[in-house]
Amino acid sequence: MQNSYEIEAGILSILINFNNSIDEVCGLLKPEHFSDNVHRTLFTEISAQLSRGQAVDVLTLFDAVRSRKIGLDAINAIAQSHAHTDRTIRRLTNALIDRYKETKLAELAHTIADLAKLDAPVSERLDRAAQ
């Protein structure tokens with residue numbers, strides 16, 4: 001199983017090399033699904049450029065994020081990080097979203113465990129957990 005970093009890089013690689021693959025994931029994938037800040041920035045910029053009808057490649061992406069200290073070499077490495085086919089984007093997207101949900105579930109479990117230890121009325125702790 002790939003780790004989140006590899007999954008994120010694979011999705012970005014496909015989007016950079018196959019701009020039309022955004023149609024496969026446009027309603028599913030969100031910037032917050034990306035745990036790596038560089039990946040989140042690149043996904044946000046790719047989505048913005050494609051929504052404006054602009055083609056995205058390594059150079060247009062670099063021009064857009066250069067001020068955020070993301071280098072051309074890093075973008076190029078991401079663009080080349082995945083086998084050049086767009087057939088796997090849906091599988092990678094689903095895997096990334098599942099990882100995101102697992103992380104959120106673990107955070108929630110930790111919060112609930114902390115609330116259980118508090119010396120406060122149960123109803124108050126339940127209300128805080130529901131938020």
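Biologist: Is Leu 108 buried, partly exposed or exposed?

Modeller: Keep in mind that this is a predicted model. Leu 108 sits in helix H6, which covers residues 89-117. Buried means under 20% relative accessible area and exposed means over 50%. Because its relative accessibility is 40%, Leu 108 counts as partly exposed.

Biologist: Which residues form a nonpolar patch on the surface with Leu 108?

Modeller: Nonpolar side chains can join a patch if they have over 30% relative accessible area, and Leu 108 has 40%. The patch has about 280 Å² of accessible area together, and the partners of Leu 108 in it are Leu 105 and Ile 112.

Biologist: Let's turn to helix packing. How are H3 and H4 oriented to each other?

Modeller: Helix H3 spans residues 37-51 and helix H4 spans residues 58-65. Their axes are 10 Å apart, and the helices pack at an angle of about 110°. Angles of 65 to 115 degrees count as roughly perpendicular. H3 and H4 are therefore roughly perpendicular.

Biologist: What is the handedness of the crossing where H3 passes H4?

Modeller: This is the pair that packs at about 110°. As H3 passes H4, the crossing is right-handed.

Biologist: Now for the charged side chains. How many residues apart in sequence are the parts tied together by Arg 90 and Glu 24?

Modeller: Arg 90 and Glu 24 form a salt bridge, with their closest N and O atoms 3.6 Å apart. Arg 90 lies in helix H6, while Glu 24 lies in helix H2 (residues 22-25), so the pair ties together parts whose separation in sequence is 66 residues.

Biologist: Nice! What is the relative accessible area of Arg 90 in that pair?

Modeller: Its partner Glu 24 is partly exposed at 40% relative accessibility. Arg 90 is partly exposed too, and its relative accessible area is 38%.

Biologist: Which helix holds both Glu 107 and Lys 104?

Modeller: The side chains of Glu 107 and Lys 104 meet in a salt bridge, at 3.3 Å from N to O. Glu 107 is partly exposed with a relative accessible area of 40%, and Lys 104 is partly exposed at 40% relative accessibility. The two residues are 3 apart, about one turn of the helix, and that helix is H6.

Biologist: Which residue does Asp 63 meet in a salt bridge?

Modeller: The structure holds 4 salt bridges, and Asp 63 takes part in one of them, with an N to O distance of 2.6 Å. The partner counts as partly exposed at 45% relative accessibility. That partner is Arg 66.

Notes
Residues are numbered from 1 along each chain as its sequence is written. This is a predicted model: local features need pLDDT of at least 70, side-chain atom pairs count only at pLDDT 80 or more; totals for chains, interfaces and linings use all residues. Side-chain values use heavy atoms; hydrogens and water are left out. Patches are made of residues with over 30% relative accessible area and no salt bridge: like charges are joined within 9 Å, nonpolar side chains (Val, Leu, Ile, Met, Phe, Trp, Tyr) within 5 Å. Accessible areas come from the Shrake-Rupley method with a 1.4 Å probe; for residues, only the protein chains shown count as cover. Helices (H or I, at least four residues) and strands (E, at least two) are DSSP runs, numbered from the N terminus. Buried means under 20% relative accessible area, exposed over 50%, partly exposed in between (1.4 Å probe, protein chains only). Axes are lines fitted to C-alpha atoms, for helices over the stretch in contact, and angles run from 0 to 180 degrees between N-to-C directions. Angles under 35 degrees count as roughly parallel, over 145 as roughly antiparallel, 65 to 115 as roughly perpendicular and the rest as oblique. A crossing is left-handed if the near helix is turned anticlockwise from the far one by less than a right angle, and right-handed if clockwise.
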